[in-house]
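Biologist: Could you walk me through this one and justify the labels as you go? I'd like to hear the reasoning behind each term.

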Amino acid sequence: MAIFALTDALIIVNGVTLSDHGNNVSIEDSRDALDITAFGATSKAVAKGLGDAKITVKFLQDFAAGKVHATLAPLIASTTGIVVEVRPTSAGRSPTNPAALMTGLLMTYNMLDGGVGEVTEINAEFVNSAQAGMTYPTA
Amino acid sequence: MNRYRILLPLEVHTEDASYKQGEEFEKEFSPEDEATNLASGLLEIVPQTYKVIGGSVVHGASPGETFEAALTVGAEAALVAGGHIERATKKAPKTKKEE
């Protein structure tokens, strides 16, 4: 088994490939932990509740036509879920290169973030908006 | 405005005509209404041809190329607003209203 080093992740937001402007990506797929501990128990017990999912991407900001801002600005104003896909590498989906796929809403977009002379790295946070949640297709 | 195909054995009434399973029609749904009709399995979006006019790859097509996709109203609006795509001029089959 090889330890995976992230060097060529694929990031597609609403169909737009923005990998060449991303430098950090985080995928979260979680379930609420419901406390089902009853009287008489000697240990806490939990059950799984509703699922949740989130994809956070750090982008190098670019205001050119068809780049980062042009892609994200319409989405922060939109109430319609769009598809976000991330793959470990830019190769096609496969069992060894599974996609993380989610229909989500852009909930956080900080257009500018940085100090004088710094590269403007911005965060885009997509939160699940569909019943399918996060899926991991391999084809 | 998107073009839709009826998937269920139901008759769909629009402002101009009625359509049966397998038939296609054009309509301007709100994003919410469109999502409801797609999720219920009543309708599917008929793929359209788009041209990439921005500087990024969109749905696998490089700038200047065209691609075919069934985009929701919201997804298409965001891509158009971002200057990524425009609809390529491709004559769709006539609806009952046009015939």
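Modeller: Sure, let's go through the labels and what stands behind them. Keep in mind that this is a predicted model.

Biologist: Let's start with chain A. What makes up its secondary structure?

Modeller: Chain A has one helix and seven strands. Along the sequence they come as β-β-β-β-α-β-β-β. The C-alpha atoms fill a box of roughly 65 × 35 × 30 Å along the principal axes, and buried residues account for 27% of the 139 residues.

Biologist: Why is Arg31(A) called partly exposed?

Modeller: Arg31(A) has 13 other C-beta atoms within 10 Å. Buried takes 20 or more and exposed takes 12 or fewer, so with 13 Arg31(A) lands in between and is partly exposed.

Biologist: Where does Arg31(A) sit, and what does it touch?

Modeller: Arg31(A) belongs to strand β3 of chain A, residues 22-35. Leaving out residues up to four places away in sequence, Arg31(A) touches Lys48(A), Gly49(A) and Gly51(A).

Biologist: How do you know that Arg31(A) and Ala91(A) are not in contact?

Modeller: Contact needs C-beta atoms within 7 Å. The C-alpha atoms of Arg31(A) and Ala91(A) are separated by 30 Å, with their positions 60 residues apart along the chain. A C-beta sits right beside its C-alpha, and 30 Å leaves no room for a 7 Å pair.

Biologist: And which residues touch the most other members of the largest nonpolar core?

Modeller: Those are Ile11(A), Met102(A) and Ala124(A), in a core of 32 residues. Elements giving two or more residues to this core include β1, β4 and α1 of chain A, together with β6 and α2 of chain B. As a general point, nonpolar side chains in soluble globular proteins tend to be buried together.

Biologist: What does Met102(A) touch?

Modeller: Not counting residues up to four places away in sequence, Met102(A) touches Ala53(A), Ile55(A), Val84(A), Phe126(A), Asn128(A) and Met134(A).

Biologist: How many residues meet where the two chains touch?

Modeller: On chain B there are 16 residues in contact with 17 residues of chain A. Helix α2 of chain B, residues 73-81, gives the largest share of the chain B side, five residues. That side divides into seven nonpolar, nine polar and no charged residues.

Biologist: Why do β6(B) and β7(B) count as paired strands?

Modeller: Pairing takes at least two bridges. Strand β6 of chain B, residues 48-52, has four bridges to β7(B), so the two count as paired, and they run antiparallel. In β7(B), Thr66(B) is the bridge partner of Lys51(B).

Biologist: What makes β7 and β8 of chain B the edge strands?

Modeller: The open sheet runs β7-β6-β8 in chain B, with antiparallel pairing. Strands β7 (66-69) and β8 (85-87) each pair on one side only, and that puts them at the edges. Neighbouring strands here are turned by 35° against each other on average, direction ignored.

Biologist: Which domains is chain B divided into?

Modeller: Domain 1 covers 1-44 and domain 2 covers 47-94. Their centres, taken over C-alpha atoms, are 21 Å apart. Six residues of domain 1 are in contact with five residues of domain 2. On the domain 1 side, β1 (2-6) and α1 (31-39) of chain B are the elements giving two or more residues. That side divides into two nonpolar, one polar and three charged residues.

Terms used: Residues numbered from 1 in each chain as written. Chains lettered and ligands numbered in written order. Predicted model: local features only at pLDDT ≥ 70, side-chain atom pairs only at ≥ 80, totals over all residues. Nonpolar A, V, L, I, M, F, W, Y, C, P; charged D, E, K, R; others polar. Axes fitted to C-alpha atoms, helices over the stretch in contact; angles between N-to-C directions. Domains from an automatic or database assignment. Core = buried A, V, L, I, M, F, W, Y, C linked by C-beta atoms within 7 Å.
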